[in-house]
Amino acid sequence: MNIIDRRLNPQGKSLANRQRFLRRAKEQVVKAVRDASGKRGIQDIENGEKVTISTGGVREPSFHRSGAGGVRDYVVPGNKEYVEGDTIARPEGGGGRGGNEGSPDGEGDDDFRFVLSREEFLDIFLEDLELPDLVKQKVKQTESHSLTRAGYSVTGSPANLNLVRTMRNSLSRRIALKRPKPADMLELEALLREAEDRGDDPETLREMRDQLERHYLRSKRIPFIDPIDVRYNRFETVPKPIAQAVMFCLMDVSGSMTEHMKDLAKRFFMLLFLFLKRRYRSVDIVFIRHTHEAKEVDEDTFFYSTETGGTVVSTALEEMQRIVKERYPENEWNIYAAQASDGDNMSSDNARSAALLRDGILPLCQYFAYIEVAAEHNMGLSALGRETELWRTYKTVQGPDLPIAMRRVRSRREIFPVFRDLFAREKAGA
Amino acid sequence: MTAVIDKPDSLLYDGADWDYDQIKRVYDAIENIALKDMGLNVYPNQIEVITAEQMLDAYSSIGMPLMYKHWSFGKHFARDEMLYRKGYRGLAYEIVINSSPCISYIMEENTMTMQTLVIAHAAFGHNHFFKNNQLFQQWTDAEGILDYLEFAKSYIAQCEDRYGHHAVERVLDAAHALMNQGVHKYPKKRSLDLRLEQKRERERQEYQEQTFNDLWRTVPKAAVGGNRPSKSVSERKKLLGLPEENLLYFLEKKAPRLEHWQREILRIVRHMAQYFYPQKQTKLMNEGCATYTHYTILNEMHQRGMISEGAMLEFLHSHTSVVFQPEFDDQRFSGINPYALGFAMMQDIQRIAETPTDEDRYWFPDLAGRGDGMGALRDAWANFRDESFVLQYLSPHLMRKFKMFSVRDDAEDPYLLVENIHNERGYRGIRKLLARQYDLGFLEPDIQIVDVDLAGDRKLILHHRVTNGVLLDESDAKAVLRHIANLWGYEVQLVEVSALSDAILKEHAVTAPSGIGG
C-alpha cells in the first residue's frame, strides 16, 4: 500500500474549468453583476458577490423522460396502513412522488447560484471600460527587480549548479577522449584474473596487464568531472517597470453640499479609484477639499467634516497645480482628476477658474471628470435648462480635443451608468 | 478510579488525531481481516490524503484525478462549493477510483476512526467489487484508465490550442449531451484495452496523412442526384449497421462532415461513458458491498480489541446515519437509500445462508442453509448487477422489514393505486417492480438511430420507443437534437413511437445547422 500526501499539491485544479464556465455564462453573469452592483454600497463592492443566474445558457440537456403523463410504478418503503387496492389522492405538484424523478442532475430549471470571487466580480463589473489617453504611461520607479533565467554560465554559486548540463558535458567529454568505462575495466580485471588462474602464456598475461595499466592511467588523467564541464544556471536581474497613476479628488465642501451630495461624490470617487487600481500597479490619491480656500486633507476629513465659507473653485485648482508641481512631475505620473461640486461658484471667480482649467490643469491631466451632484428632489431645475454657474463655466472650456468630461448625477442609481458612460470603450475604434 | 486510564496494548490507536504510522498499522490490520477472514481479492491500494478543497475539486471532475477541461465541471464545482460553504451539504468521506492501483482519497480533517472506516469501505469494499464484479471486468480497464485519462486530457488541450476553445467546446457539449446514449450495452468481440487507444489514435492519424493525395480534390464530383441506383432500404440499413442505439458511436463512425479530431473527441467521451456505465448499474450492490465490508471489519477489529469503545461508538454513529432509510411520508425521503437497502440485503444473504427460516428454504432453495455466508456474498458480488441482484436475492423477510409497497401512478386516473404490499400475494410483484427501478435499460429511454439516406438528403431519423406512455422531456429533447444536428451536419428527426402499437405519438425535428466544421 502507498500513502500519498496530496495536500500540498497545487490548489485550484478546477480553475480552468471555472474560467470556461464563466466565459460560457458570461452574458448572464454580467447581467447579474450589474443588478447586484445596483443594490450594494460602493464600500463593499470590493468583496466577492453571490450571483444568481438562470440555467438557460449553462443547461446540460440529455434525453430523459418527462415528469408527467403515462403510467409509472414506484416501490417505496414504510407502509403503515395501505392494503392492495387502496387508492391515494394524488399529491400536489404532479407525479413526482417517486422521489428521484425529474431531471437527472436534480436541478430542473431552478436558478443557479454561485459565488464570484472579488477579482472575478471586479473584472466583470469594470469590464469593457477603458482609460482614455493611456499614451503617457510613464515608466519610472524601478525599485522592483526580478530575476529571470538567462541561459548558463561557467561560473556561479554551487546552489545554482545545473546538474543536467554539467553531466551532459562530462559525458560527451569522456566519450570524446575515450575514457575507459569502469565496467570495461572490471571486465578486463576479471579476464586477467581468470587468465592468471588458468596459468596462461606469460606473454599474453603481460599484454593484458599492460592494457589494464594503460586504462588506469588514462582514467586517472581524464577526470570524471572536469571543471570545464561545470555549468551554472545564470540569472539576470530585470528591472520591472511600474506604471503609476495619481488621482486627484476635488470636492466642494461648503455648506450648500448636503450629505446626500457628498455621498454621491464619494461613490463616484470610489469607483474611479477601483478602476484605476485595476489598470495601474500603484495608485496615489490626493484629496483636496475647498470652500473659499482649498486644502489637502486625508480621506476621513475629506468625506466627513463640514466647513463653512464661500465657494471659490479656482483655489482647489491652484492647490492641485501646486501639488502636481511638488510631488507628481507630469512626465512620470499619469494624472487623473475628478471634481465633484453642486455647481456653485462665486461669480467673480468663474473666469479665473476657466482659465486655470484650460491652461493649467488640462494639459497636465490624462482625464478630468467633472461631476455635478444635485439634491434628489431638485430634479426640475436643471431639466428646465437652468445651468449652474460652474457648469456654464466649464462648458466654455470643453473642446473636442480636451480630456474633460462633464456629467450630472442626482441619485445613487445614476452613478454607475454615468461612470460607465464616461469610460466606456469607444465603439468606433478610435 | 485513577485519573489515567491505561491504554490496552492491543489498541491500534487512541483519540481522534491521525498520523501516517497509525494509518499504516490500521491498514495492515484491516488488510489482514479483509484478505484472510473475508477472502476479499483486491487491486493494490493507493491512499491519498487530500484537503476539503481538493475533495471539491475531485467532485467536480466526476471523481477522476485527471480530467479534460470543460465548463460543465466548473459549473458543478461552483454549485458544490456553494452548497458546502453554506452548510447545506457535507462532503463525501471518500472517493474511490476504479483503477489499478485502486486510488482512495481520504480527507485530512477526518478523525482516525473515520479514516479507518473509509479505508475499510473504499480500499477494500469498493476495491473488491471493482476487481471481481463481472460487469467491471467486462467493460472497464482498470489498468489503463489513468493513462487514458492523461491522453484524453492532453489531446483535448491540444485540440483547444489548434482549433480554438469554441470549436472544441461545441463538440464536447454535444458529446456530453449524448453520454447516456453513448454506451454499448452488449459485449463486443474484443475486450477493451485503453492502453492501445492512444496508439490507435496515432495510427489512424498517420494513415490519413500517408494516404492523403491532393489530386482527389480535382476529380470531378458526381452530378447532384447521381445516377447510382438507390439501394433498397433494408440493404442501406444493413450497410450502416442500423438500427444503432449507441448514438455517439454511430456519429463518430458515420457522421459525414466531422473532422478527424472531432471524431476522436466523441470517442474519448464515449469511452468515459462506457467506463462509468457499470458504476451506474451497480450502485446498490457496490455500496452494499462496501458498507457490509466496513461493518464486518470494524466489528471484528473491536472484538479483537484493536479499537476502543469510543471509536466503536463513533463508527456506529456514522454507520447508522449512512444506512438510514426514511419512510416514504418522511420529509427526508428521496427514494430508496442504496446504502440502506444494499447493506440490509448483504446481511440478509448471510442470514439466509447461515440461519435460514422455513420461508427462506422455500424462496431460496439453493442458498438457504448453505452455511458459508461470506462465500455466498462473494458469489453475488461477482455475478450480478443491481437489477438481477434484487430479482434474485430480495427476500420476503426484507420486504416486510422495509414495509415495501408498490404504487401505480396512471396519469389518466385521478388517484394513485396501491398495487402490492408486503404480503404473500405482493412479494413477487414488489420484487419485480423494484428490480425494474434499478434496470438502466428500462430507466433510460430507448432511443435508436433507425435510418439515414446517405445518398439523398442525409436526414438522420431517430426513434424513441415509448414504454408506458411516458414521452421525452420536450425542451431537453429539442436541445439534444440540436447537438446531434451540429455533429451530423444535416437535418435530424426524432419520432416517438409507441412500443405496443407502433403508433407515432410525437415528432421533433431540427434543421441542418448553418455552419459546421472547424
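**View 1. The hairpin of chain B and the strand of chain A that joins it.** In this predicted model, strands β4 and β5 of chain B make up a hairpin in which four residues lie between the two strands. The pairing of strand β4 (residues 405-410) of chain B with β5(B) is antiparallel and rests on four bridges, and within it B:F405 is found opposite B:I421 of β5(B). Strand β5 (residues 415-421) of chain B also pairs across the chain boundary, in the antiparallel sense and over three bridges, with strand β4 (residues 87-89) of chain A. On the chain A side of this pairing, A:T87 stands opposite B:L417, while A:I88 has B:L416 as its bridge partner.

**View 2. A four-stranded sheet built from both chains.** The strands of this open sheet follow the order β1(A)-β1(B)-β3(B)-β2(B), and their pairing is mixed. β1 (2-5) of chain A and β2 (94-97) of chain B stand at the edges, and because each has a single partner strand, one side of each is left without a neighbour in the sheet. From one strand to the next, the twist averages 20 degrees. Strand β1 (residues 45-50) of chain B runs parallel to strand β3 (residues 102-107) of chain B, to which six bridges join it, and B:V49 is placed opposite B:I106 of β3(B). Helix α2 (residues 52-60) of chain B packs on the sheet, where it touches β1, β2 and β3 of chain B, and the direction of this helix makes about 135 degrees with that of β3(B).

**View 3. A cis peptide bond beside the sheet strands of chain B.** The loop between β2 and β3 of chain B contains B:P101, and the peptide bond that leads from B:S100 to B:P101 is cis, its omega being near 0 degrees.

**View 4. The nonpolar cores.** The largest nonpolar core has 164 residues, and those with the most contacts inside it are B:I30, B:I119, B:A175, B:I265, B:I349 and B:W488. Helix α4 (residues 112-132) of chain B gives the most to this core, contributing 11 residues. When residues up to four places away in sequence are not counted, B:I349 touches B:G373, B:A376, B:L377, B:A380 and B:Y393. A second core, separate from the largest one and comprising 56 residues, includes A:L356, A:I361, A:Y370 and A:V418.

**View 5. The contact between the chains.** Chain B brings 77 residues to the contact and chain A brings 54 residues. On the side of chain B that touches chain A, the largest share, nine residues, comes from helix α3 (residues 71-86) of chain B. Sorted by class, that side of chain B consists of 37 nonpolar, 22 polar and 18 charged residues.

**View 6. An open helix and its end in chain B.** Helix α9 (residues 233-240) of chain B has eight residues, of which the number buried is zero, so the helix lies largely in the open. Just after α9(B) comes B:G241, which takes a positive phi of about 70 degrees.

**View 7. Positive phi in two residues that are not glycine.** In the loop between α4 (163-176) and α5 (182-198) of chain A, A:K178 has a positive phi, near 55 degrees, although this residue is other than glycine. A:K178 counts as exposed, because it has 9 C-beta neighbours inside 10 Å. B:N468, which is not a glycine either, has a positive phi of about 55 degrees, and this residue is placed in the loop between β7 (460-466) and α21 (474-488) of chain B. With 16 other C-beta atoms within 10 Å, B:N468 is partly exposed.

**View 8. Chain B by domain, with both chains for context.** The domain assignment divides chain B into domain 1 (20-133 + 282-310), domain 2 (154-184 + 193-206 + 233-260 + 445-518) and domain 3 (323-442). The centres of domain 2 and domain 3 of chain B, taken over C-alpha atoms, are separated by 37 Å. The C-alpha trace of chain B spans about 100 × 55 × 45 Å along its principal axes. Chain B has 21 helices and nine strands, and buried residues account for 44% of its 518 residues. Chain A has 13 helices and 14 strands, and of its 430 residues 28% count as buried.

How values were computed
Residues numbered from 1 in each chain as written. Chains lettered and ligands numbered in written order. Predicted model: local features only at pLDDT ≥ 70, side-chain atom pairs only at ≥ 80, totals over all residues. Core = buried A, V, L, I, M, F, W, Y, C linked by C-beta atoms within 7 Å. Buried ≥ 20, exposed ≤ 12 C-beta atoms within 10 Å, placed from the backbone. Contact = placed C-beta atoms within 7 Å. Pairing = 2+ DSSP bridges. Axes fitted to C-alpha atoms, helices over the stretch in contact; angles between N-to-C directions. Nonpolar A, V, L, I, M, F, W, Y, C, P; charged D, E, K, R; others polar. Domains from an automatic or database assignment.
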